[in-house]
Each structure stands twice: as structure tokens, then as C-alpha cells.
Amino acid sequence: MNIQHTTKGLRGEITVPGDKSISHRAVMLGSLANGTTVINHFLNGADCLSTIDCFRKMGVSIRMEQHDKDHRVIVTGTGLHGLNVPDCILDAGNSGTTVRLLSGILAGQRFSSRLTGDASIQRRPMKRIMQPLRQMGANIVSVHDTGCAPLQICPSRLRGISYHTPVASAQVKSSILFAGMYADAKTSVTEPSASRNHSELMLRQFGADVEINGQTASITPEPSLQAQHIHVPGDISSAAYFLAAGLIVPGSELTVKNVGINPTRTGILDVIQMMGGQLSVETKESEQLEPTADITVKSSSLHACTIHGPLIPRLIDEIPMIAVLACFASGTTIIRDAAELKVKESNRIDSIVTNLQAMGADIQPTDDGMIIRGGRPLHGAVIDSQMDHRIAMSFAVCALAAEGVTTIHDDACVRISYPDFFDTLHLLNR
Ligand code: S3P
């Protein structure tokens with residue numbers, strides 16, 4: 001994909017696809033509930049389709065409907081103990097959320113299963129879930145003893161545990177809480193700082209007894225999950241690309257409607273404010289547990305900031321986009337405490353730094369983040385997305401504000417979380 005510098009402001013209102021984390025969890029809990037769960041504004045991205053595929057292979061009936069450009073998923077739940085033994089390997093594709101959350105569920109089943117994914121998934125660390133799941137008594141091994149997928153999970157009796165996670169990871173927390181539904185006693189997870197809490201909120205919505213106490217979440221086993229109607233809010237991680245575009249392309253004023261603003265996810269909004277971006281957030285009234293808002297940005301002159309500590313898990317997926325914003329900000333932006341970036345879909349410290357350097361940015365990698373001296377004009381370059389959807393989209397936005405033409409290699413990876421991304425970008429940039 002070639003993307004050209006633009007001088008014409010991006011103006012108008014857009015919506016973004018449903019939240020990826022919430023879409024995955026709705027399929028998982030809908031499958032384990034009694035009754036029919038309806039999921040509106042579902043993210044029809046490859047990652048969430050991998051989750052659907054895994055549950056279909058375990059006998060869950062899942063129907064997909066499309067109304068205009070909106071997707072609805074209807075899940076006929078089997079109940080907590082109603083999944084069937086799959087007759088083939090479960091394939092999570094590129095989705096870390098699918099592998100880690102599903103492992104927790106599979107650990108509690110009375111059948112054996114094998115779970116794998118694409119080349120990127122087979123490099124991502126799974127010991128972080130294997131270790132606590134084993135502590136619960138799970139029989140889970142890395143088939144090639146790499147600490148990564150493929151994973152083999154055999155039946156066992158699970159014990160309730162109290163686990164302190166060394167990293168703030170919603171995937172680890174959720175994997176343990178999901179396994180906790182099948183344990184013999186209460187299971188608690190304590191994290192060093194708050195990661196996204198969509199699992200806790202949705203488990204409660206489906207009827208599970210989940211307590212939240214500071215940084216500790218606990219679940220009572222054997223919940224009777226009841227089917228729900230869920231409206232998935234727009235994904236703030238997808239909105240972030242257009243919010244950033246509106247800030248750095250001169251003459252822009254852009255509203256993204258119905259975006260999820262769960263406080264565990266809104267670090268990007270805090271950063272836009274810290275950088276002096278013009279931002280307004282109009283909160284919507286709703287019956288849903290997950291709060292939403294219409295978010296408007298205007299082109300702004302940005303200044304640097306420091307991003308670290310408990311803010312990091314609240315914006316971990318937006319760091320590629322934030323690094324681009326920092327190039328257009330005056331002063332030195334420092335991002336630290338973000339070593340987790342190295343184990344995402346790509347090593348994002350490397351993929352951000354090499355691609356921004358190719359565009360002329362003054363950016364240095366550090367062990368746990370990066371240092372960006374903003375204000376240098378960027379120029380078009382050939383970008384290697386490393387098949388990482390968030391790298392492809394962040395650099396497509398960067399290209400709009402860089403001189404000349406930028407070519408994004410392997411841009412098809414945007415299908416993972418935002419299949420219509422380039423259509424929306426072109427529509428705004430006509
Ligand atoms: C996710 C949690 C985060 C995030 C990922 C989605 C989730 O990962 O980066 O894109 O849905 O729970 P970690 O739990 O590894 O931080």
C-alpha cells in the first residue's frame with residue numbers, strides 16, 4: 001500500500017469496529033453460558049474469527065449475521081461443562097488472547113486438546129500462563145518444550161489458588177480466572193498494576209461471582225452463566241489511529257463515535273492531553289457495563305511527555321501510535337517500563353524504532369521502551385510491518401504527515417483487528 005503526504009485536513013465523523021478484547025470474551029462466555037447470547041457490533045477481525053472457529057470445533061453453534069457494515073454474532077451456549085472434544089488441533093491464528101484465555105478454559109475440561117497458532121504465536125511466551133495453571137493442577141505442556149505454542153492440555157482436577165502475577169497482563173489474569181470457574185475453591189489473581197478488566201466485568205454480567213478488591217480479582221467456582229445481550233463498544237485501540245491522524249494532519253477535526261472508554265483502556269486519552277492535544281470526550285448514557293463516548297480531536301501543536309508506570313498497561317497497544325505522535329511533538333518523549341512490547345505480535349520496540357528511523361526520526365531504543373526527540377521532519381520510506389497489524393496502521397497514519405510517499409509492506413495484516421482500516425482512511429483523505 002502506498003500512502004501520500006496530505007495537506008488537506010481530515011474532517012467528519014466515523015465509527016470504528018467493535019472492541020477486540022470484548023468480542024473475544026463475549027464468544028467465550030457466550031459459549032459457556034446457558035441460553036442464546038447475542039453480540040452486536042462484533043469485531044469481524046481475523047483474531048476474533050479464530051476464537052469463533054475454536055469454539056465451533058468444540059461443538060458450539062455460532063451464527064454470524066451482517067447488517068450493513070455491522071456484524072452480529074449469535075452463540076448457542078452449551079453450559080459450563082457442555083463443550084465437546086475437538087477432533088483436530090485448535091488454531092488461534094495470530095491471536096494471543098485466544099491462546100491464553102482459551103488455555104484457561106481448556107485446563108478445566110474433561111477432554112484433551114491441542115492449541116496452536118501462526119508463526120508469531122509460536123514465538124510468544126506461554127510460560128506466563130502455564131506456570132499458574134500448573135499451580136492450579138493443570139496438565140499443560142509446550143509440545144516442543146519451547147515455552148510457546150503448540151500447547152497440549154490434558155484433563156486434571158483444578159485447585160483454587162491465590163496468584164501474584166509478575167506482569168500486569170489481562171491475558172494472564174483472564175486465563176487464571178477462566179480456569180478458576182472449574183477449580184475446587186475460590187481463585188484470586190493479584191497484579192502489580194491494573195490491566196484491562198473486561199473479563200471481570202463480563203463474568204459478572206453473565207452471573208459469575210467475581211470480587212474485585214484493589215489489584216486483586218477473585219472468582220467463585222462453578223458459576224451458572226446465563227446468556228446475555230451484549231453491545232460491543234468501538235475499540236479505543238482502533239480509534240487511536242484516527243485520533244492521532246486528526247492531531248497531526250493540519251486542518252483536521254474528527255469525531256470517533258461510540259468508543260469504549262473503560263478507564264483501564266484510556267491511557268491514550270491521558271497521553272493526548274499530556275501532549276497538549278485538543279480533545280473532547282462526550283460520555284454516552286448506556287445500560288451496558290462498559291462506558292462509551294464520542295471523542296473529538298482537532299489538529300494540535302503537541303509537546304513531549306514521559307510515559308511510564310501504571311499508565312503503560314492502560315495504553316500498551318497504542319504505543320506504536322504514540323511513538324509516531326512523539327515525532328510530531330516538540331521536546332523529548334520518554335517511554336519506559338514497557339518491556340512487554342518485545343513480546344507482542346512483533347518485537348515492537350524494534351519494529352517501531354527501525355521504521356521510524358527509516359522515515360528520518362530521531363529515536364533510540366532502550367531496554368524497556370524508547371526515547372524520541374520530536375520535531376524533525378519525517379519523509380516517506382518503505383515500512384516493514386513485520387506482519388504486525390498495529391505497526392501497519394500506525395505507519396499508515398504517520399505517512400499522512402510525512403513528506404513524499406510511504407510504502408507499507410504486508411499491509412493485509414490489518415485484517416487482524418481492523419479489516420476496513422484502509423477504506424476508512426481513504427474515505428477521510430479523499
Ligand atoms: C489483551 C491484553 C493485552 C493486549 C492484547 C489484548 C486482552 O495483552 O496487549 O492486545 O484482550 O486481554 P497482555 O495481557 O499480554 O498485556
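**Figure 1. Strand S21 (residues 332-335) is joined to strand S23 (residues 369-373) by four bridges, and the two run antiparallel.** This is a predicted model, in which local features need pLDDT of at least 70 and side-chain atom pairs count only at pLDDT 80 or more, while totals for chains, interfaces and linings use all residues. Residues are numbered from 1 along each chain as its sequence is written, and side-chain values use heavy atoms, with hydrogens and water left out. Helices (H or I, at least four residues) and strands (E, at least two) are DSSP runs, numbered from the N terminus. Two strands pair if DSSP finds at least two bridges between them. To find your way around the view, start at Ile334, whose bridge partner in S23 is Ile371. Strand S19 (residues 306-307) also joins S21, through two bridges, and here the strands run parallel. In that pairing, Ile307 has Ile335 as its partner in S21. Which residues of S21 make up the covered face? They are Thr333 and Ile335, whereas Thr332 and Ile334 form the uncovered one. For accessibility, buried means under 20% relative accessible area, exposed over 50%, and partly exposed in between (1.4 Å probe, protein chains only).

**Figure 2. Strands S4, S5, S3 and S14 form an open sheet with helix H1 packed on it.** The four strands come in the order S4-S5-S3-S14, and their pairing is mixed. At the edges are strand S4 (61-67) and strand S14 (229-231), each pairing on one side only. From one strand to the next, the twist averages 15°. Helix H1 (residues 20-32) touches S3, S4, strand S5 (70-76) and S14, and its direction makes about 170° with that of S3. Axes are lines fitted to C-alpha atoms, for helices over the stretch in contact, and angles run from 0 to 180 degrees between N-to-C directions; contact means heavy atoms within 4.5 Å. Within the sheet, strand S3 (residues 36-40) pairs with S14 in the parallel sense over three bridges. Look for Val38, which stands opposite His229 in S14.

**Figure 3. Asp68, in the loop between S4 and S5, has a positive phi.** Its phi is about 50°, although Asp68 is not a glycine. Most residues other than glycine have a negative phi, and most peptide bonds are trans. Is Asp68 buried or exposed? With a relative accessibility of 76%, Asp68 counts as exposed. A further positive phi, near 55°, belongs to Asn258, which is found in strand S15 (residues 253-260). Asn258 counts as partly exposed, at 35% relative accessibility.

**Figure 4. Strands S6, S7, S9 and S8 make up an open sheet.** The order is S6-S7-S9-S8, with mixed pairing. Strand S6 (90-91) and strand S8 (139-142) are the edge strands, each pairing on one side only. Helix H4 (residues 127-135) packs on this sheet, where it touches S8 and S9, and its direction makes about 155° with that of S8. Strand S7 (residues 113-116) and strand S9 (residues 151-154) run antiparallel and are joined by three bridges. A handy place to begin is Ser113, opposite Ile153 in S9.

**Figure 5. The loop between S8 and S9 holds His144 and Pro150.** Ala149 and Pro150 are joined by a cis peptide bond, with omega about 5°. His144 is exposed, having a relative accessible area of 55%. For a sense of scale, His144 and Leu29 are 115 residues apart in sequence and 30 Å apart in space, C-alpha to C-alpha.

**Figure 6. Ser175 is buried in helix H5 (residues 170-180).** Its relative accessibility is 0%. Which residues is Ser175 in contact with, leaving aside its neighbours within four places in sequence? They are Arg100, Leu101, Ser103, Gly104, Ile129 and Leu133.

**Figure 7. Helix H7 (residues 236-248) packs against helix H8 (residues 267-274).** The angle between them is about 15°, and their axes are 10 Å apart. H7 and H8 are therefore roughly parallel to each other (angles under 35 degrees count as roughly parallel, over 145 as roughly antiparallel, 65 to 115 as roughly perpendicular and the rest as oblique). The contact is made by Ile236, Ala240, Leu243 and Leu247 of H7 together with Ile268, Leu269 and Ile272 of H8. By class, that contact has seven nonpolar residues, no polar and no charged ones; Ala, Val, Leu, Ile, Met, Phe, Trp, Tyr, Cys and Pro count as nonpolar, Asp, Glu, Lys and Arg as charged, and the others, Gly among them, as polar.
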